[in-house]
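Subject: Structure for your review

Hello,

Please find the structure below, with the sequence alongside. My notes on it follow.

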Amino acid sequence: SQEHRKPTQQYRYLCSDAISLADIGIFPFIHQLAHVDSIRLEQSHYHHLQVWLNELLASELFHSAMEKHPAWIEKSEPIIFL
């Protein structure tokens, strides 16, 4: 029997109510689109996409990945990324 699935706009994320590899994979492209043509995205009918993007932009995951580090200079202490 085929599993009943909600329409994708009913999910919090792309495939389910939990963040998935699909969300992480497509996020940089949607983020870039929003950065390059934010007015077009805001005027579009993609309300759920805008909510999804804003939620990910506000997430701890995004902020931890975008942590700023000083430029490395020879003889500087190494930065270990975990």
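**Overall picture**

Among contacts in the chain between residues at least 6 apart in sequence, 40% join residues at least 24 apart. Please keep in mind that this is a predicted model. The secondary structure consists of four helices and zero strands, so that reading from the N terminus the order of elements is α-α-α-α. The chain has 82 residues, of which 16% count as buried. Its exposed area comes to about 7300 Å², with 59% supplied by carbon and sulfur atoms.

**Core**

The largest nonpolar core is made of nine residues: Tyr13, Phe27, Ile30, Ala34, Leu41, Trp52, Leu53, Leu56 and Phe62. Two or more of these residues come from each of helix H1 (21-36) and helix H3 (47-57). One core member, Leu53, has contacts with Phe27, Ile30, His31, Ala34 and Leu41, when its neighbours within four places in sequence are left aside.

**Aromatic rings**

Two aromatic pairs were counted. In one of them, Phe27 and Phe62 are arranged edge-to-face, with 5.5 Å from centre to centre and 70° between the planes. Phe27 belongs to helix H1 and Phe62 to helix H4, so this pair ties together parts of the chain that are 35 residues apart in sequence. Both phenylalanines, Phe27 and Phe62, are buried. Ring pairs also bring in a tryptophan: Phe27, Trp52 and Phe62 are linked into a cluster. Phe27, Trp52 and Phe62 are also listed in the nonpolar core described above.

**Salt bridge**

Side chains of opposite charge can pair when their charged atoms come close. How many salt bridges does the count give here? The count comes to one. It is formed by the side chains of Arg12 and Glu55, at 2.6 Å from N to O. Arg12 sits in the segment before H1 and Glu55 in helix H3, so the pair links distant parts of the chain, 43 residues apart. As for exposure, Arg12 has a relative accessible area of 49% and is therefore partly exposed. Glu55 is also partly exposed, because its relative accessibility is 25%.

**Surface**

A nonpolar patch on the surface is formed by Ile19, Leu21, Ile24 and Leu61, and together these residues have about 400 Å² of accessible area. Leu61 is located in helix H4. With a relative accessible area of 48%, Leu61 is partly exposed. Helix H4 thus holds Leu61 of the surface patch as well as Phe62 of the aromatic pair.

**Backbone**

One residue has a backbone angle to note. Lys75 is not a glycine, yet it has a positive phi of about 75°. Lys75 is found in the segment after helix H4 (60-65). Is Lys75 buried or exposed? Its relative accessibility is 80%, so Lys75 counts as exposed.

**In brief**

To recap, the chain has four helices and zero strands. Its largest nonpolar core has nine residues, and the Phe27–Phe62 pair ties helix H1 to helix H4. The salt bridge between Arg12 and Glu55 links the segment before H1 with helix H3. On the surface there is the nonpolar patch that includes Leu61, and Lys75 with its positive phi counts as exposed.

Regards

Note on methods
Residues are numbered from 1 along each chain as its sequence is written. Side-chain values use heavy atoms; hydrogens and water are left out. Buried means under 20% relative accessible area, exposed over 50%, partly exposed in between (1.4 Å probe, protein chains only). Contact means heavy atoms within 4.5 Å. Accessible areas come from the Shrake-Rupley method with a 1.4 Å probe; for residues, only the protein chains shown count as cover. A nonpolar core is a set of buried Ala, Val, Leu, Ile, Met, Phe, Trp, Tyr and Cys residues joined through side-chain atoms within 4.5 Å. Rings of Phe, Tyr and Trp (its six-membered ring) pair if their centres lie within 6.5 Å; planes under 30 degrees apart count as stacked, over 60 as edge-to-face and the rest as tilted. Patches are made of residues with over 30% relative accessible area and no salt bridge: like charges are joined within 9 Å, nonpolar side chains (Val, Leu, Ile, Met, Phe, Trp, Tyr) within 5 Å. A salt bridge is a side-chain nitrogen of Lys or Arg within 4 Å of a carboxyl oxygen of Asp or Glu.
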